[in-house]
Amino acid sequence: GAIVRRLRASGIRPGDRLALCAPQHFEGILLFWAAAHIGAPLAIHDVALPPAVVEERLRRTQPVMLFASEALAASLPGRTPCPTILLEPFGGAPPTRAGSAPTLMTWLQAEDYEGPRLESPRSLAGATGAVIFTSGTTGHARGVELSQSALAHSGRLMARQFDWTQDDVHICPADLHTLGGLRNPTISTVHAGASTVITTPDVRANTSLLAASLSRHRVTVMNATPALLRLLTHWSDRLPPGALASVRHVVVAGSAYTSGVRAAFERTFRVRTSNCYGLTETAGLCISETPAMTRPPEDRGSGDVGVSVDTVLRVVDAEGNDAPPGIQGELLVHSSNLFSAYLDDPGATAEAFRGPWFRTRDRARLMPDGSCVLAGRMRDAIKNAHSEFVTVQEVQEALDSIPELADSGVGSWSDTNGQEHLGAIVVARQPLEDEATTQVFLTELRRRLQGLLGPRRMPSRIVVRESVPRNSNGKVATGPGMERILNHG
């Protein structure tokens with residue numbers, strides 16, 4: 001209520017866009033609710049991006065006020081385009097208050113805490129609640145405008161679909177600029193009446209600290225990426241005893257949840273997991289596994305994401321005709337929580353729809369039992385030298401099944417003739433002492449991988465690194481960075 005009153009006193013009105021540039025932070029969550037109450041869209045930016053990119057996105061969103069972490073505000077190469085309010089530093093450290101920007105707590109005035117209880121303005125349901133940028137893994141990152149009703153509906157679906165209740169303690173180690181990082185701790189937990197643990201950057205960056213937080217707060221439900229579950233499994237012998245003992249369920253999204261990663265995690269921690277699917281443009285969840293599914297998890301492939309959740313699905317061929325059950329095509333989605341538009345890009349918005357159907361650009365099959373099996377992005381398939389299409393997902397699933405790997409990621413690279421190839425970056429589970437040891441490891445890895453994929457479907461290049469480049473969603477950061485690593489070995 002105090003933030004609402006201070007925003008209004010500062011001249012903020014319905015439709016005025018605010019910007020948030022901070023990690024997961026309780027003040028950022030309060031700001032989201034206050035902005036929604038006024039009807040001011042909140043554009044949320046990734047603090048991990050290079051400052052010049054953040055500055056460019058601020059210019060695109062044209063906020064009238066910026067709320068940012070002190071580190072982000074200090075790193076911007078130019079002057080911020082509007083008045084700036086700093087969020088309080090984590091850990092109780094005294095803010096340095098670079099420049100003249102106040103912290104949120106000093107910005108609020110004593111009179112802001114007085115006044116009648118705020119009533120929820122239902123007339124704002126169709127107003128833009130948030131602008132979230134796509135991860136950019138498949139090209140230029142777009143600003144996705146999501147209405148308040150779409151966000152509310154998606155948050156309600158998450159709580160209902162996975163039976164979150166007021167007895168649950170929730171954790172989502174993702175930042176607010178991602179759809180799940182905003183919706184799950186901010187909206188879904190409110191619908192459920194659950195508690196949520198706000199994780200600090202140092203906790204999210206350290207598997208042991210995250211596991212200790214799960215144990216200390218007795219977390220019962222959790223959102224996670226496959227990459228995080230793989231790390232927890234890999235370091236399980238170094239985690240505090242019983243670190244995940246209180247966790248009853250993990251909802252998994254963000255990238256392909258391969259059967260190897262799933263089996264290892266569930267076997268190690270004896271925790272039930274559910275795969276689900278959604279995009280920023282669908283406000284997240286639209287397909288998920290359910291307890292009622294007849295096939296056990298071990299009988300499902302990494303692309304089997306479950307059945308539709310308050311969503312109508314179609315799979316169509318290149319001409320837009322419905323594909324028969326079991327036949328692959330492009331996945332189309334229609335639901336109550338689709339995005340409103342791409343920010344200042346009506347052409348891209350129109351292209352994203354076929355009538356009322358959103359084009360996901362994902363390849364999928366709808367099975368006779370109603371389940372949906374994903375086969376990767378429309379462009380995540382490379383024609384190899386044998387004129388065969390090889391997908392990122394099939395190579396990733398093969399790598400995930402090899403226990404000697406702690407992590408791996410698949411992407412494309414181009415040779416000097418412009419020919420596109422698939423390549424892989426891998427992280428060895430045990431340290432490799434020197435170049436000779438590395439070459440022995442790679443020789444054995446190629447032998448194992450060839451046994452899984454066959455000689456004609458192998459990645460053309462495999463590079464050993466200490467880590468796989470990932471974006472803040474936990475997805476493999478395909479693009480120039482990965483291509484540079486694969487090109488140069």
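Hi everyone. How many of the 14 residues of H7 are buried? Let me answer that once the model is introduced.

What we have here is a predicted model, in which local features need pLDDT of at least 70 and side-chain atom pairs count only at pLDDT 80 or more, while totals for chains, interfaces and linings use all residues. Residues are numbered from 1 along each chain as its sequence is written, and side-chain values use heavy atoms, with hydrogens and water left out.

The protein chain holds 15 helices and 24 strands; these are DSSP runs numbered from the N terminus, with helices being H or I of at least four residues and strands being E of at least two. Of its 489 residues, 51% are buried, and by that I mean under 20% relative accessible area, with exposed being over 50% and partly exposed in between, for a 1.4 Å probe and protein chains only. Now take the contacts between residues at least 6 apart in sequence: 64% of them join residues at least 24 apart. Contact here means heavy atoms within 4.5 Å.

Back to H7, then. Helix H7 covers residues 179–192, and 11 of its 14 residues are buried, so we can call H7 mostly covered. Among them are Leu 179, Gly 181, Leu 182, Arg 183 and Asn 184. Pro 185 is buried too, and a kink of about 30° is centred on Pro 185. The bend at a residue is the angle between two axes, one fitted to the seven residues ending there and one to the seven starting there. Just past H7, Gly 193 has a positive phi of about 75°.

Next, the start of the chain. Helix H1 (residues 2–9) buries Ala 2, Ile 3, Val 4, Arg 6 and Leu 7. These buried residues pack against strand S1 (18–21), H2, strand S3 (65–68) and helix H5 (104–107). After H1 comes Gly 11, with a positive phi near 95°.

How do H1 and H2 pack? Helix H2 is residues 26–38, and its axis lies 9 Å from that of H1, at an angle of about 55°. For the chemists who like details, axes are lines fitted to C-alpha atoms, for helices over the stretch in contact, and angles run from 0 to 180 degrees between N-to-C directions. H1 and H2 are therefore oblique to each other, given that under 35 degrees counts as roughly parallel, over 145 as roughly antiparallel, 65 to 115 as roughly perpendicular and the rest as oblique. On the H1 side, Ile 3, Val 4, Leu 7 and Arg 8 meet H2 residues including Leu 30, Leu 31 and Ala 34. That contact divides into 8 nonpolar, 1 polar and 1 charged residue, where Ala, Val, Leu, Ile, Met, Phe, Trp, Tyr, Cys and Pro count as nonpolar, Asp, Glu, Lys and Arg as charged, and the others, Gly among them, as polar.

A second helix pair is H13 (residues 392–400) and H14 (residues 435–453), whose axes come within 10 Å and cross at roughly 125°. H13 and H14 are therefore oblique as well. Glu 394, Val 395, Ala 398 and Leu 399 of H13 meet Leu 449, Leu 452 and Leu 453 of H14, a contact with 6 nonpolar, no polar and 1 charged residue.

Finally, some backbone angles. Ala 283, in the loop between strand S11 (272–279) and strand S12 (284–288), has a positive phi near 55° and is buried at 0% relative accessible area. Arg 361, in strand S18 (residues 357–366), has a positive phi near 65° and is partly exposed at 27%.

Thanks for listening!
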